[in-house]
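Me: I would like to practise reading pockets, helix faces and salt bridges in a model. Could you take me through them step by step?

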Amino acid sequence: MLISTDFSGLFNERFFRNFLPIPAANQIPLRFLTPDFQLPDITNNTLIKLSNYRNKQPVLLAFTRIFTEKQYCPFCYPHIKSLNENYEQFQNRGVEVLMVTSTDERQSQIVVRDLGLKMPLLSDPTCRVFRTYNVGQALGAPLPAQFVLDQEGRLRYKHLFSFLDHNASVEKLLEQYNAIVKS
């Protein structure tokens, strides 16, 4: 369900910490190594360290905005579903999709179950990784963003949220990986 009328759990510490608007201000230059992090993968019940992918395979970091297990950002919900439906296309190109959310582990488990997620959903309830990547925040949650990393872990493309262009389309993201292969 996209939006529920059940607002329990919405007004928590994370909501108030992310309430004031901070615009996305990611300063990582293209072709530079992206910051490492380690987060729990709720989908596969493992711990993911970004640097473990370096020199092995490209990665799509998809930061998404989920308020609670019952409240999704109306811009992000279709994007989450589209990435999940097209996960095999990324996998067929040797790309791992890592979706990062600020929901806690319990909320994230419900999201994985309810949406039938195949891709790894990484839980970052402290928003530490969101802040490291300077994706911005507003109205209780970090803003969405997508980062295309090559096999070496270097940034090749980034899409930061704006009201005119919420999330990079699956087609645009796959196009970026095709460009990496050709270069």
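Reply: Happy to; we will go through the open spaces, then a helix, then some charged pairs. Keep in mind that this is a predicted model.

Me: Let's begin with pockets. What volume does the largest pocket have, and which residues lie closest to its centre?

Reply: A good habit is to ask for the volume and then for the lining. The largest pocket holds about 200 Å³ of space. Its lining counts 16 residues, and R65, A138, L143, F161 and F163 are the closest to the centre.

Me: How do the lining residues of the largest pocket divide by class?

Reply: There are 14 nonpolar residues, with one polar and one charged residue beside them.

Me: And the second largest pocket: how big is its volume, and what is its lining by class?

Reply: The volume is about 170 Å³. Here the lining has five nonpolar, two polar and four charged residues. Among those lining the second largest pocket are P58, R93, D150, E152, R156 and Y177. Helix α6, residues 170–182, gives the largest share of this lining, with four residues.

Me: Now the closed spaces. How many cavities of 30 Å³ or more are there, and what lines the largest cavity?

Reply: For a cavity, read the lining just as you did for a pocket. The structure has one cavity of 30 Å³ or more, and the largest cavity holds about 50 Å³. Its lining consists of T34, L50, Y53, R54, Q57, V59, L149, D150, Q151 and G153. By class, that is four nonpolar, four polar and two charged residues. Notice that D150 and Q151 appear in this lining and also in that of the second largest pocket.

Me: Next, a helix. Which residues of helix α2 are buried, and why do they line one face?

Reply: The general idea first: an α-helix has 3.6 residues a turn, so residues three or four places apart point the same way. In helix α2, residues 76–85, the buried ones are C76, Y77, H79, I80, L83 and N84. Looking down the axis of α2, you find these buried residues within an arc of 165°, so they line one face of the helix.

Me: Is P78, in that same helix α2, buried or partly exposed?

Reply: P78 belongs to helix α2 and is partly exposed, at a relative accessible area of 45%.

Me: On to salt bridges. How many does the structure hold, and which one links distant parts of the chain?

Reply: In general, side chains of opposite charge can pair when their charged atoms come close. This structure has five salt bridges. One of them joins the side chains of E88 and K118, at 3.4 Å from N to O. This pair links distant parts of the chain, since E88 is in helix α3 and K118 is in the loop between α4 and β7, 30 residues apart. E88 is partly exposed at 37% relative accessibility, and K118 is partly exposed at 38%.

Me: Where do E175 and K172 lie, and how far apart are their closest N and O atoms?

Reply: Both residues are in helix α6, three residues apart, which is about one turn of the helix. Their salt bridge has its closest N and O atoms 3.6 Å apart. E175 is partly exposed, with a relative accessible area of 45%, and K172 is partly exposed at 30%.

Me: What about E152, which you named in a pocket lining?

Reply: E152 forms a salt bridge with R154, with the closest N and O atoms 3.2 Å apart. E152 is partly exposed at 43%, and R154 is partly exposed at 33%.

Note on methods: Residues numbered from 1 in each chain as written. Predicted model: local features only at pLDDT ≥ 70, side-chain atom pairs only at ≥ 80, totals over all residues. Heavy atoms only, no water. 1 Å grid on protein atoms, 1.4 Å probe; cavity = no way out; pocket = protein on both sides within 12 Å on 5 of 7 lines; lining within 4 Å. Points joined across faces, edges and corners; volume = space filled by probe spheres on them. Nonpolar A, V, L, I, M, F, W, Y, C, P; charged D, E, K, R; others polar. Helix = DSSP H or I, 4+ residues; strand = E, 2+ residues; numbered from the N terminus. Buried < 20%, exposed > 50% of the residue type's maximum accessible area, 1.4 Å probe, protein only. Arc of directions from axis to C-beta. Salt bridge = Lys/Arg side-chain N within 4 Å of Asp/Glu carboxyl O.
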